[in-house]
Each structure stands twice: as C-alpha cells, then as structure tokens.
Amino acid sequence: MNLKELATIDAGLAPGHRLCPGCGAAIIANIVQRVARAKGYELVVANATGCLEVATTIYPYTSWRIPWIHNAFENAAATISGVESAYKVLKKKGRVKKDNIRFVVFGGDGGSYDIGLQSMSGAFERRHKFLYIVYDNEAYMNTGIQRSSATPLGAWTTTTPIGSAHRGKEVERKDLTMIAVAHRLPYVAQASIAFLPDLVRKIEKALDVDGPSFINILSTCPRGWYFDPADTLKVARMAVETNFWPLFEVVNGRFILNYEPKERKPITEWIKLQGRYKHLWEDTPQNREIIARIQRDIDERFNYIKRLASLHE
Ligand SMILES: Cc1ncc(C[n+]2csc(CCOP(=O)(O)OP(=O)(O)O)c2C)c(N)n1
Ligand code: SF4
Ligand SMILES: [Mg+2]
C-alpha cells in the first residue's frame, strides 16, 4: 500500500480528541482506520476502556466516525464475538448484504495482558473472524500510571516505586504475543509505529485473514514514560533498534523475523530516553546489575524468536 496515498485518506479519529500529543495510541487508531478504508473495508470497533477509549469519547462528543462500542475493561473480545456472530446470521438470512465489514478490538495492555485476557483467549479459541489490536503502553495510563504485566523490568510506575528497598518493577514482562501464538491463529504479529510500511502491511494481512488475527503494537506514552512528545517516533524506533521490541509475524504457525538491527544497540540507549528509568541513569553497582539483567532478558527473548524463525527458513 502506498504510504503517500494512505496519508490523504479521510479516515481516522476526528480532531478534538484529548489523547496527549505524541500518544502512540492515536497514531495506531488512525493508521488502522486508514488502511481499512483504503482496502474498501468498513470497520466495527469494540474498545476496551483505557486512554484510547476515554479520551476519544468525552460525553457528549466522540472522535469515532465509524460504528464503535464502549466496553468494560474485561469484555471487548466477548462483545466483538457477539457482533461478528450476529453479522454472520444476518448475512445468512439475507438481511445484511455487505461482505466488506471487518471487526476490530482495540485494547490497552491492562485490558489485554491482564483483565481482558480471558475474553480475548475465548474469542480466539472460538475462531471468530476479527482483528485484536493491542496498543501496549506498558502500564495502566488512564488511571494514573499503575504497573501492568506488560510493564518492563526496572521501570517506574506509581505501583512500582523507587526507594532504598525497591528499584521499579522487579519482575520481567509477560509475553502476550507468544500467548496469542499459542492459540494457533492464522495470523499474529508484533509491530511498531516507527516502522510504518511494516505496520501497514501487517494490518492489511490481519484484516484479510479468514479467522482471528492479533497485532501487538508498542504504543509510546510521553506522559507515563516521561519523554518529550516530539520524540515519540525516536523512542519507538529505539525499542526496535535495541531488540526490546522485535518485529516479527507468525503466519499459520510459521515465524518470520521482519527486522534485525545491523548492530543491536545496548539497552541503555532505550533506558536513557525515558524518565521512567531515571533511577537507572546513575552508574552504580546496583544499577549495573539491574541493567545487565534487563539486557540478558531482551537478548534471550530476541534470540528465541530468531531461532524459531530460522526453523522455518
Ligand atoms: C474491571 C475494571 N477494573 C478497573 C477499571 C478502571 N480502569 C479503567 S481504564 C484502566 C486502565 C487501563 O489500562 P490499559 O488497558 O493499559 O489502557 P491505558 O489506560 O494504558 O491506555 C483501569 C484500571 C475498570 N474500568 N474495570
Ligand atoms: S497518558 Fe499516555 S497513553 Fe494516555 S493519552 Fe497520554 S500519551 Fe496516550
Ligand atoms: Mg496501558
């Protein structure tokens, strides 16, 4: 898909929403809608509560110009399952003629890694035809930056504080993309807003597939990660260049690594861009130990994906 053309497509969030400047979730919501429109698809969206939801639908306004359903934290995938089933029945009965309708869930990490995990898993297992998009900003941002199971090791949140006894999150993050893979979906991917052609191609593929699909997109959050909103793409790119956020896809169980940095940057390059890691900036033996653990975890995860991809070459 031509990116210049994509930029001219009139789809996406209407202006006036209250997502922060530089918010990755806004970029993701806009791109998904533009790609769908460019492909001639009409979307029905279920949105789990979170920043994307509350900041785009402040009563009595909405920034959504397409059918959009408010959901509790835990049931967006259950809602879309019902809508997709109704669509199938109505089509069978001839009461709906269109076959270009596609169903999409937008969920944050809290709504997907944690509280909505059961409804997402159930909808995948039942093989509903829908696309689940996670905008992963690595914490419960909308309610004031509490840790989620996607919060990375060492990061500050209000519930993983910094002091003499604690140095941010003390356990590694959950790997939701691999959990989606375990459902043996026809299409699973991990993507970044800083790698636009790759992201657009993945959205296209995921919307085309006959069955459930899943894309996990790292969603930069200047407010919760503490960086200048102007740097949002720089931060997103560094996540990939350090292998913190590998770009890969799994097509019918076959792993494909989409990008490997020529020279993997050390994780300190990612850490030093964000105030949520400020306590790790000082060179002390304790910090060196934490950073070494973070680096080890990232290298292990990346090499694991690389090995899986090499099995399918
Ligand atoms: C069952 C339930 N628990 C708690 C809440 C309050 N709540 C609403 S949004 C939210 C945080 C959402 O986090 P996430 O899904 O990561 O989205 P983000 O705000 O980061 O965009 C919480 C805790 C809720 N709505 N429902
Ligand atoms: S707090 Fe973060 S996720 Fe929420 S609107 Fe602001 S930048 Fe986006
Ligand atoms: Mg979040």
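**Notes on helix α4, the fold and the two ligand sites**

1. Let's start just past α4: the helix is followed by Gly 94, and the phi of that glycine is positive, near 80°. Keep in mind that this is a predicted model, so all of what follows describes a prediction.

2. Does α4 come out straight or bent by its length? The helix runs over residues 76-92, and at 1.5 Å a residue its 17 residues should span 24 Å. The C-alpha atoms at its two ends sit 25 Å apart, which agrees with that expectation.

3. Which residues of α4 are buried? They are Ala 76, Ala 77, Thr 79, Ile 80, Ser 81 and Glu 84. When you look at that list, it helps to remember that an α-helix has 3.6 residues a turn, so residues three or four places apart point the same way.

4. What covers those buried residues? The cover includes four strands, β1 (42-48), β2 (68-71), β3 (101-108) and β4 (131-136). It also includes the helices α5 (109-114) and α6 (117-125).

5. Zooming out, the chain has twelve helices and eight strands. Its radius of gyration is 19 Å, close to the 20 Å that the globule rule gives for 313 residues, so the chain is as compact as a globular protein of that length. Along the principal axes, the C-alpha atoms fill a box of roughly 70 × 50 × 40 Å.

6. As for packing, 44% of the 313 residues are buried. Among the contacts with a separation of 6 or more, 70% are between residues 24 or more positions apart.

7. Now ligand 1. It has 19 residues around it, and the ones that come nearest are Gly 50, Cys 51, Gly 108, Gly 110 and Asn 142. Both α3 (51-54) and α5 supply at least two residues of this shell, and the largest share, three residues, comes from α5. You'll remember α5 from the cover over the buried residues of α4. By type, the shell around ligand 1 divides into eight nonpolar, nine polar and two charged residues.

8. Ligand 2 has 13 residues around it, with Cys 20, Cys 23, Cys 51, Cys 221 and Arg 223 coming nearest. Helix α9 (residues 222-225) gives the most to this shell, three residues. The shell around ligand 2 divides into nine nonpolar, three polar and one charged.

9. One residue to look at when you have both sites on screen: Cys 51 is listed among the nearest residues for ligand 1 and also for ligand 2.

Note on methods
Residues are numbered from 1 along each chain as its sequence is written. Chains are lettered from A and ligands numbered from 1 in the order in which they are written. This is a predicted model: local features need pLDDT of at least 70, side-chain atom pairs count only at pLDDT 80 or more; totals for chains, interfaces and linings use all residues. The expected span of a helix is 1.5 Å times one less than its number of residues. A residue is buried if 20 or more other C-beta atoms lie within 10 Å of its own, exposed if 12 or fewer, and partly exposed in between; C-beta atoms are placed from the backbone. Two residues are in contact if their C-beta atoms, placed from the backbone, lie within 7 Å. The radius of gyration is taken over C-alpha atoms; the globule rule is 2.2 Å times the number of residues to the power 0.38. A residue is near a molecule or strand if its C-beta atom, placed from the backbone, lies within 6 Å of it. Ala, Val, Leu, Ile, Met, Phe, Trp, Tyr, Cys and Pro count as nonpolar, Asp, Glu, Lys and Arg as charged, and the others, Gly among them, as polar.
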